[in-house]
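Here are some exercises on helix packing and empty space, each with a worked solution. Have a try at each task before you read on.

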Amino acid sequence: MKILMAAAENDALPRGKVGGIGDVVRDIPIALGKIDQQVDVVTPGYGAFSKLEGAQHVTSLEVTFGSQQEKVDIFKVSFKKSAKNASKNVTQWVIEHPLFAIGGAGKIYCDDPSNRPFASDASKFALFSAAVAKAVICDVFGKIDVLHLHDWHTAMVSVLRAFDPEYQQLKAIKTVFTIHNIALQGIRPFDGDESSLKAWFPYLAFDYSKINDPRYHDCYNPMRAGITLSDKVHAVSPTYAKEILLPSNIEQGHFGGEGLEHDLRFAADTGRLHGILNGCEYPEITKAPLKLKALLTLSAKEVVKWLDDKPLVDQAHLVAATRLAQVANKQYKKQPLVLTSVGRITDQKVRLFQEVMPNGKTALEHLLAILADDGVFILLGSGDKKLEEFLTKIAVNHSNFIFLKGYSEALSINMYNSGDLFLMPSSFEPCGISQMLSMRAGQPCLAHSVGGLSDTISHNMNGFTFNGDNPLQQAENMLSCFHSVLALKKHSPTEWATISDNALKSRFLWSDVAHDYIKHLYNSH
């Protein structure tokens, strides 16, 4: 088959990734290519990818957008240098237009003000979707059997396919829509704003009931459009595919369909919704773990780089530098326990750490009190400013907590490889990749049993899980689970070694995912 994947991110290209979509769009095409499928991957060029070494300009097209013709340029590009296993059956494409570089060259997403959420991105991705649709009907990619759209950014292709006379021939192509994170939906007004459906496609006659937002009736919801208008809908783990059939209930700590549960239930009832877990790469040669001292030295080097990058000194970096030096000089009575965590600092990832316990202290403070002098918790990530401030404040007051505010590929790899226990108390997790990366290195995880974490971690087998009927109970169960994990590590070294070994041997292979895509998403009717 010939499959065209359209996405906002693609980690096959340098700096082509912000989150998990980038990993999936990098890896699944290669796995499909290995079983003789032809896969073409297309993303916006963001004013940067088309300038990569070896980029070839293939063609220019005129696309109707915002009552005029916009010229877009289409390039073929090569895999980034580190992609040793790039497949001969995978072709990388980017589409360029000045609008795609709106946040600055190479910037994938813009941070729009809260009174106009998604405004810049929605316009950019609406034009990108129209450009993809035009390129398909102009045979730029050759004959396509399956059109695979990833998340809300590319859902407009399904709208044009359903309602725009110019793109009617797309109806003959099987269309699949993947939900990577239902919480981000790209909602914009139908009209009355330069970033609105009517502004982008003023001529378009559409079925309002298929694409409106169920909560904001004067708004267009791309995520909903992708779900209602595609032939198949795919969620990135079996458990997540079930969770999103229920409404979200924040009081109970359940993150579900975020208003789209009715459409998802209909998709499930009609056999269109499938939960297929993402995979992970398993390199033949693995990096040796670092001793704590070496990990602290590497961390200190990164902090110096971050300090050097900014004209103003960031308090988080100063606190981290101090803590790194203190822990490096600390004399532990016995081998210290190294807790690690790597990820974007978002409400989804940090919320349970912030849960206030009955005595007025946060769950994270309790966790550090349980850890006490037995080890250190190193957390790497950046994101939401308020949450960064929360973590920095905890680091100021707790000498066994190091918050590394930033991102570093080298540091994250070594944290996955060198920790004893990886913490992932996500409030929800569509699939998750961090748990797979730490398990692959033989570091078991302590995780909230939701979404893909439920599908990858079995309690006391290859890791440790907790749940609960509301956020407070979830936080309490996280702490009691942590307590028993520490006891297990201390008193049952053989059982601990078995669990670590089971984590190391757990396999979530892209080759299996590829076969599932073909069976459930591409072939079945």
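Helices here are DSSP runs of at least four residues, numbered from the N terminus. The model you are looking at is predicted.

**Exercise 1. The second largest pocket**

Find which helix gives the most to the lining of the second largest pocket.

*Solution.* Start with the space itself: the second largest pocket holds about 560 Å³. Next, look at its centre; 23 residues line this pocket, and the closest to the centre are Gln 335, Pro 336, Leu 337, Asp 374 and Asp 420. Now go through the elements: helix H9 (292–309), strand E12 (337–342), helix H14 (409–418) and H17 each supply at least two lining residues. Among these, H17 gives the most, with three residues. To finish, sort the lining by class, which yields nine nonpolar, five polar and nine charged residues.

**Exercise 2. A helix pair**

Work out how helix H12 (residues 363–371) is oriented against helix H17 (residues 471–491).

*Solution.* First, take the geometry: the two helices pack at an angle of about 15°, and their axes lie 10 Å apart. Angles under 35 degrees count as roughly parallel, so H12 is roughly parallel to H17. Then check the handedness: the crossing of H12 past H17 is right-handed. Now list the contact: H12 brings Ala 363, His 366, Leu 367, Ile 370 and Leu 371, while H17 brings Ala 475, Met 478, Leu 479, Phe 482, His 483 and Leu 486. Sorted by class, the contact residues of H12 and H17 are nine nonpolar, two polar and no charged.

**Exercise 3. The cavities**

How many cavities of 30 Å³ or more does the structure hold, and what lines them?

*Solution.* There are two such cavities. Take the largest, with a volume of about 140 Å³. Its lining counts 15 residues, and the closest to its centre are Ser 341, Val 342, Gly 343, Arg 344 and Lys 349. E12, helix H11 (347–354), strand E13 (375–381) and strand E15 (421–424) each supply at least two of the lining residues, and H11 gives the most, with three. By class, this lining divides into nine nonpolar, four polar and two charged residues.

Move on to the second largest cavity, of about 60 Å³. Ala 122, Phe 125, Ala 126, Trp 152, His 153, Met 156, Trp 200, Tyr 220 and Pro 222 line it. Helix H2 (residues 119–137) gives the most to this lining, with three residues. The class count here is eight nonpolar, one polar and no charged residues.

How values were computed. Residues numbered from 1 in each chain as written. Predicted model: local features only at pLDDT ≥ 70, side-chain atom pairs only at ≥ 80, totals over all residues. Heavy atoms only, no water. Axes fitted to C-alpha atoms, helices over the stretch in contact; angles between N-to-C directions. Parallel < 35°, antiparallel > 145°, perpendicular 65-115°, else oblique. Left-handed = near helix turned anticlockwise from the far one by under 90°. Contact = heavy atoms within 4.5 Å. Nonpolar A, V, L, I, M, F, W, Y, C, P; charged D, E, K, R; others polar. 1 Å grid on protein atoms, 1.4 Å probe; cavity = no way out; pocket = protein on both sides within 12 Å on 5 of 7 lines; lining within 4 Å. Points joined across faces, edges and corners; volume = space filled by probe spheres on them.
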